[in-house]
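Colleague: Please take a close look at a single part of this model for me, and then set that part in the context of its chain.

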Amino acid sequence: MRRLPVYLVLDTSGSMSGEPIEAVKTGLQTLISALRQDPNALESAYLSVIAFDSGARQVVPLTEVAAFQAPDIQASGTTALGAALTLLAASIERDVVKGSAEQRGDWKPLVFLMTDGAPTDNWQRGKEALDRVKIGTLIACAAGPGAKQDILRQLTESVVSLDTADASTIKAFFQWVSASVAVSSRKLDLTKKDIGGLGDLPPPPPQINVAGV
Amino acid sequence: MNDIIELKTWQGDTVAFEDAVIGSGAMKDVCFSPDRSYVIGFFREPQGPAARERLRVICEDYREGIFGQVGGDYWRELFCWPTGVVEHEGRVGVVAPAYAPQFFFEYGSANNDMLGIKGREKEGKWFASANNQARFLDPRERGDWLNYLRICMRIARAVRRMHAAGLAHSDLSYKNVLVDPRSGSACIIDLDGLVVPGKYPPEVVGTPDFIAPEVVMTAHLPHDSPARKLPCIATDRHALAVLIYMYLLYRHPLRGGKVHDPDPSQDETLSMGERALFVEHAHDFSNRIRVADARPSELPWCDTQRMPYTLTGPYLAPLFARAFTDGLRDPRARPSAEDWEFALVRTADLILPCANRGCVQGWFVFDNRRAPSCPFCGTPYPGALPVLNFYSSRHGDSFRPDDQRLMVYTNQSLFEWHVNRHLAPNERLTEAQKVRVGYFVFHQGTWWLVNERLPHCRDLSAGRDIAVGERVALRDGLQLLLSRESGGRLALVQMAGGG
């Protein structure tokens, strides 16, 4: 069985407190309920959650959909995006099985990064760490007007944005993430080298803007 | 309360839909009709002239060709065929019947539906994977092996009908076939992507597990390149063989232990394309499934030593061997849907109930041994097992073997298609031909055939007519003439089993 590793890297800084963080928690619940109803995702998708504020923690290790429990997260502190990216790179390096002549490797991971503010640490260092690991697709979501899209665009070509970080837009974002994971778990590349970014995922709902378009 | 919008189809019918999306597929957003008897699926993308024309002929010409003939109603259960095309606010929509109630989960998953799938569609992937079956499904949803045989029979029959009309489905997969293992029914859906070879360019490549090797190998070429292989009837045949293998053995025929490339995408492309290799290849063992790597929930199905494809019996096993050896490289070598339907029907007559009440599969194919046992749970078949070997005369008096047998067990039925070589159980049977003509019963130590509707049944061994309402004891060597009509059969009884 080739696994599809999915990393959700979520900003839990102080600015997310209140409605946004509650919406993220609900979003994770809906995401997992939806994936449990999908026989392809149940078979191959594995999820991990990395939360970052003043530091970064892997709050859920890479776990199969059936066993995944939504974490309890709180919003406080600053926005250590660099630490999050460094931890993401280390987690991928450790968790994702690399293929060899004897062993079937996992699919290259699918990463969803969501942040609502400007990084408060050295994010370039995190990017350097991330550049050394193989990722299938990295989707960055700029949640609300405070997020720095120009920085996110240096991480990936696939940047989407939410005009406001409120309950309904965050909910829509998580629904789209779950549809994207479901599609990726049954329909991985054939014509292309890898999951090619936004174009190969379901179209985002209207609340989610595809940045730069 | 949602707004109800009325439209006229291109075909001139009035239809209506509730203005709320109930589901979104890869290409369409689906809305219910107010009475829930049909749905309209609106394409998100604009449809060009060729696509529009294709939708029109599918709803009109081809629909009429399949459903408009005698026995056409038979296909309503097997196809969710589009009935009309509409246009609304610039979007093209396809009208299609709603799925029958048996295709929605009644119990869903185990432990009081822990996954929350009650009421959702029975997508084939739930059943074609040993892991999903064993870990998640409520046991009441799983169905027995005879019903999986029936499901495969219906799928093969439906594909045979499409192919006879010159149509290729182009994306046959467990996603596009709804199944109900509780009743043995199946229904092909998403028929708006049908391909008419030579007329409309196919747009889909297919679903990864089911794409034919030649399509995988040429998928990187431009769509109009002459070397590019596109979905067609021959690629449907590959998908059909994979589907049948997966529904009967709960594993994929090409996904084994061999790694072709460390890069996952490259490995996928090679193992489904250029270097596709049957996991049960007769001589090349390099792609055998590694049991040590398997998840516990995938056992015993991924153990091809314990559950070899040959347990599917003498009619199906050679077809699997052909489809997954020569057929991988040579599309012309692939068994046709008709070949599969024929083999599945014959196999259903070879099936026996397992004596172990706890056996999940419940039925198995007689393997021609004196003392048969269930390959799934190992339980020996108890008692005597009468087998009817059928013969029929081609010209005049000499009877030749038909390579068809019927296993006898309690309440087994004898039908017209056993009695007459010219009949087969399919859409062409009349209602009268669907009624059983006799049945078998074990009474006071003897197996009996009770004649219900055979006017010319005769025990040739004893030279005695068996009138309707009478019975005859089955014994080794008994010769029974079942019909005197053209194609009428003679049954030679053989006693197998422990006795």
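**A helix and its surroundings**

Modeller: Just after helix 8 of chain B, Y250(B) takes a positive phi of about 55°; helices here are DSSP runs of H or I with at least four residues, and strands are runs of E with at least two, numbered from the N terminus. This is a predicted model, in which local features need pLDDT of at least 70 and side-chain atom pairs count only at pLDDT 80 or more, while totals for chains, interfaces and linings use all residues. Residues are numbered from 1 along each chain as its sequence is written, and chains are lettered from A and ligands numbered from 1 in the order in which they are written.

Helix 8 of chain B covers residues 233–249, and because a helix is expected to span 1.5 Å times one less than its number of residues, its 17 residues should span 24 Å, which agrees with the 24 Å between its end C-alpha atoms. Helix 8 of chain B is mostly covered, with 17 of its 17 residues buried, meaning that 20 or more other C-beta atoms, placed from the backbone, lie within 10 Å of a residue's own (12 or fewer would be exposed, and in between partly exposed).

As for confidence, chain B has a mean pLDDT (the predictor's confidence in each residue, from 0 to 100) of 93, and 98% of its residues reach 70 or more. For the complex, the predictor gives an ipTM of 0.88 and a pTM of 0.94.

The domain assignment, automatic or from a database, divides chain B into domain 1 (4–98), domain 2 (104–349) and domain 3 (383–497).
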